[in-house]
Amino acid sequence: MRKILSIIILGILLISPAFADENTSSEQAKLLYADNNIEDSFNTLLSIPEEERTAENWLLLGNLLQDKGRNDDAVFMYTRAILKDEKFYKAHYNLANCYLNDDKPNMAIDEYKKVLKIRPEYAYAHYNLGCAYLKLGQYRKAKNSFLDAAYFKNTEPDFYYNLAYAYKKLNKPKDAEAYIKIYNKLMENRIE
């Protein structure tokens, strides 16, 4: 049985060397990126023909460009990732983050909502959605997003800090104070 399986695998690799090379390049690029070898990772990804790049390849290219401060190019790459796989929530999330950093909160909100349709439990998407609502002065929506974020990940101090801020803006000082206490407690635990 092992011999037959080995022959089949060898046959597949011999029949499709381009596929094997692409996988090798993709994996190599991820390893280089993880080792913070940005230029080699970028060049390895660029060596993969565009039509053969996966959504993850496009995402990684976007991340590399964003790391270089080239947000417009990163947006293009994240959009290509989404075109390759509409349900790839990481591409929507990173695209939304670019929009939020570029002071385009409405566009960011649209993308965070897409993330949450795919992964409703993703706490950081709820949190960043709340940050986008804060930028627009929509404090009630921001509060609700921060509450959702804290529900899915109750150990993140920033969620409570911004929740307190939203309550303060909603003129609810007691609620704001309660969440600041939680924030302070979580920060104390981080230091210890």
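In the predicted model, a surface patch of positive charge is formed by Lys-87, Lys-113, Lys-117 and Lys-141. Of these residues, Lys-141 belongs to helix 9, which covers residues 139-152. The relative accessibility of Lys-141 is 45%, and the residue is therefore classed as partly exposed, since that class lies between the limits of 20% for buried and 50% for exposed residues.

Opposite charges are also paired in the model, and the search of the whole structure returned ten salt bridges. One pair consists of Lys-30 and Glu-56, whose closest N and O atoms are separated by 3.4 Å. Because Lys-30 is located in helix 2 (residues 17-34) and Glu-56 in helix 4 (residues 55-67), this salt bridge ties together parts of the chain that lie 26 residues apart in sequence. Both partners fall into the intermediate class of accessibility: Lys-30 is partly exposed at 29%, and Glu-56 is partly exposed at 38%. The pair does not stand alone, as Glu-27 joins Lys-30 and Glu-56 in a network of salt bridges.

A further salt bridge is formed between Arg-80 and Glu-50, with 3.5 Å between the closest N and O atoms. Here too, distant parts of the chain are linked: Arg-80 is situated in helix 5 (residues 71-84), whereas Glu-50 lies in the loop between helix 3 (38-46) and helix 4, and the two residues are 30 apart. Arg-80 has a relative accessibility of 24% and so counts as partly exposed. Glu-50, with a relative accessible area of 43%, is likewise partly exposed.

The salt bridge between Glu-111 and Lys-114, by contrast, lies within one helix. The N to O distance between these side chains is 3.3 Å. Both residues are part of helix 7 (residues 105-118), where a spacing of three residues places them about one helical turn apart. The partners differ in their accessibility class. Glu-111 has a relative accessibility of 8% and is therefore buried, being under the 20% limit. Lys-114, at 35%, is partly exposed.

Turning to nonpolar residues, Leu-129 was examined in helix 8, which extends over residues 123-135. The relative accessible area of Leu-129 is 7%, so this residue is classed as buried. When residues up to four places away in sequence are left aside, Leu-129 is in contact with Ile-109, Tyr-112, Leu-116 and Ser-145. The C-alpha atoms of Leu-129 and Leu-100 are 9.2 Å apart in space, while the two residues are separated by 29 residues in sequence.

At the level of the whole chain, the secondary structure comprises eleven helices and zero strands. Read from the N terminus, the order of elements is accordingly α-α-α-α-α-α-α-α-α-α-α. The chain contains 192 residues, of which 41% are buried. Among contacts between residues at least 6 apart in sequence, 43% connect residues that are at least 24 apart. The accessible surface of the chain amounts to about 11600 Å², with carbon and sulfur atoms contributing 53% of this area.

Backbone geometry was considered for two loop residues. Asn-36 adopts a positive phi of about 65 degrees, although this residue is not a glycine. Asn-36 is placed in the loop that joins helix 2 and helix 3. With a relative accessible area of 60%, Asn-36 is exposed. A positive phi, of about 60 degrees, is also found at Asp-103, which is not a glycine either. Asp-103 occupies the loop between helix 6 (89-101) and helix 7. The relative accessibility of Asp-103 is 56%, and this residue therefore counts as exposed, the value being over the 50% limit for that class.

Key
Residues are numbered from 1 along each chain as its sequence is written. This is a predicted model: local features need pLDDT of at least 70, side-chain atom pairs count only at pLDDT 80 or more; totals for chains, interfaces and linings use all residues. Side-chain values use heavy atoms; hydrogens and water are left out. Patches are made of residues with over 30% relative accessible area and no salt bridge: like charges are joined within 9 Å, nonpolar side chains (Val, Leu, Ile, Met, Phe, Trp, Tyr) within 5 Å. Accessible areas come from the Shrake-Rupley method with a 1.4 Å probe; for residues, only the protein chains shown count as cover. A salt bridge is a side-chain nitrogen of Lys or Arg within 4 Å of a carboxyl oxygen of Asp or Glu. Lys and Arg count as positive and Asp and Glu as negative; His and the chain ends are not counted. The place of a charge is taken as NZ of Lys, CZ of Arg, CG of Asp or CD of Glu. Helices (H or I, at least four residues) and strands (E, at least two) are DSSP runs, numbered from the N terminus. Buried means under 20% relative accessible area, exposed over 50%, partly exposed in between (1.4 Å probe, protein chains only). Contact means heavy atoms within 4.5 Å.
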